[in-house]
Amino acid sequence: MVRDGQGSAASGDDDLPDIVDIVMAMATAPDEPPLDAPSPPLPAAASPHLPAHLEALAGRARDYVEAASSANTRRAYASDWKHFASWCRRQGVEMFPPDPQVVGLYITAQASGTGAKRPSSVSTIERRLSSLTWNYVQRGQALDRKDPHIATVMAGIRNKHAAPPRQKEAILPEDLVVMLETLDRGTLRGLRDRAMLLLGFAGGLRRSEIVGLDCGRDQTEDCRGWIEILEKGLLVTLRGKTGWREVEIGRGSSDLTCPVVALETWLKLARIAHGPLFRRVTGQGKAVGAERLNDQEVARLVKRTALEAGVRGDLPEGQREKLFAGHSLRSGLASSAEVDEHYVQKQLGHASAEMTRKYQRRRDRFRVNLTKASGL
């Protein structure tokens, strides 16, 4: 519920146009406190109303709640919840019970950039709205996103501020070959990075899928998949966004660009036979750690090698830095593989062909010409 300057409760029946006046008054709000400021926690796993013998099950249920979403999603949801909590404290409004009018004001402030260095993007606002909904549900309360204070404002934000998605540049095979040459094949780090680039490209893997792989099944608790090296290639079993799936990665036409050979070389020289495939290399590149890499390392690797290889050298340095990320490998495979589209869709684990087409940067968009087909 919104409170006035004297601390008394203001009417919750105000019409939506009044939101604009309130948000404009927020322009003098102080700078945002750090995101690590305290916020209302999730309820404890064990409830005082549960019999003692069910407390262990309550804790296990909490573990399953966490397992329902990825670690990246949970981090984003926690960060968004803290962001909302700090905004509520600055504006003198209550977080509980969930008030659609307060949330409507919050997303309006994000879209207008009130009290921030710049406005938030529509995708960021939509993610924060999803985060609030999820966090309220976890606390046993429901936020009505269909309420006009939220739904109508969000529709207006989309209409006014939504922009076409910015896609990452696809790494094409000729780009990848040059990128591989920037890596030192005489070091363990270079061999590891080479295997990650080739495996990520040939498998059309997400960065989390690359670093989540183990040598075999049921070897680590945080495993998101495993490999099986066969005569004709590599079979990768993955737990991705769309569930479990198998990805076949065939051997390349040359050992220099073969993902299977690159992986075998890394595993042999790094002496890895159990646990995570890709790990940190320490001790001036001579020692291999036990812990798996963070998925951010894949994005940094793609960006660094693409810049060093001069990919898209026709653009200024500042623009080039923003073009490349982990998804550049997936887009590269989708754009380069000259096979029937459904094979690419299966490899990338997409639920629809339309999603796969979004990854194909150089497909023939006019292969089906409805203008000529109609007789014009």
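Me: What is the relative accessible area of Arg312?

Reply: Happy to start there, keeping in mind that this is a predicted model. Arg312 counts as partly exposed, a class that lies between the cut-offs of 20% and 50%. For Arg312 the relative accessible area is 28%.

Me: Where is Arg312 placed?

Reply: Let's look at the backbone too: Arg312 has a positive phi of about 55° although it is not a glycine. As general background, most residues other than glycine have a negative phi. The residue's place is in the loop between helix H11 (296–308) and helix H12 (317–321).

Me: Asp218 has a positive phi as well; is Asp218 buried or exposed?

Reply: Asp218, likewise not a glycine, has phi near 55°. It is found in the loop between strand S1 (213–214) and strand S2 (225–229). Its relative accessibility is 70%, so Asp218 counts as exposed.

Me: Which residues does a cis peptide bond join?

Reply: Good one to check, since most peptide bonds are trans. Here omega is about -5°, and the proline involved, Pro97, is in the loop between helix H3 (71–91) and helix H4 (100–112). The cis bond joins Phe96 and Pro97.

Me: Are helices H13 and H14 roughly parallel or roughly antiparallel to each other?

Reply: The axes of H13 (residues 327–336) and H14 (residues 341–348) come within 10 Å and cross at roughly 160°. Angles over 145 degrees count as roughly antiparallel. The two helices are therefore roughly antiparallel.

Me: Is the crossing of H13 and H14 left-handed or right-handed, and how many nonpolar residues does their contact have?

Reply: The crossing is right-handed. On the H13 side, Arg330, Leu333 and Ala334 meet Val344, Gln347 and Leu348 of H14. By class, this contact has 1 charged and 1 polar residue, and its nonpolar residues number 4.

Me: How many of the residues of H13 are buried?

Reply: Buried residues of H13 include Leu329, Gly332 and Ser335. Arg330, Leu333 and Ala334, which meet H14, are also buried. H13 is mostly covered, and of its 10 residues the buried ones number 9.

Me: Over which residues does pLDDT stay under 50?

Reply: For the protein chain the mean pLDDT is 83, and 83% of residues reach 70 or more. Where pLDDT is low, the predicted coordinates should not be read in detail. That caution suits a stretch for which the model has 61 contacts beyond four places in sequence, with pLDDT under 50: residues 1–39.

Technical notes
Residues numbered from 1 in each chain as written. Predicted model: local features only at pLDDT ≥ 70, side-chain atom pairs only at ≥ 80, totals over all residues. Heavy atoms only, no water. pLDDT = per-residue confidence, 0-100. Contact = heavy atoms within 4.5 Å. Axes fitted to C-alpha atoms, helices over the stretch in contact; angles between N-to-C directions. Helix = DSSP H or I, 4+ residues; strand = E, 2+ residues; numbered from the N terminus. Parallel < 35°, antiparallel > 145°, perpendicular 65-115°, else oblique. Left-handed = near helix turned anticlockwise from the far one by under 90°. Nonpolar A, V, L, I, M, F, W, Y, C, P; charged D, E, K, R; others polar. Buried < 20%, exposed > 50% of the residue type's maximum accessible area, 1.4 Å probe, protein only.
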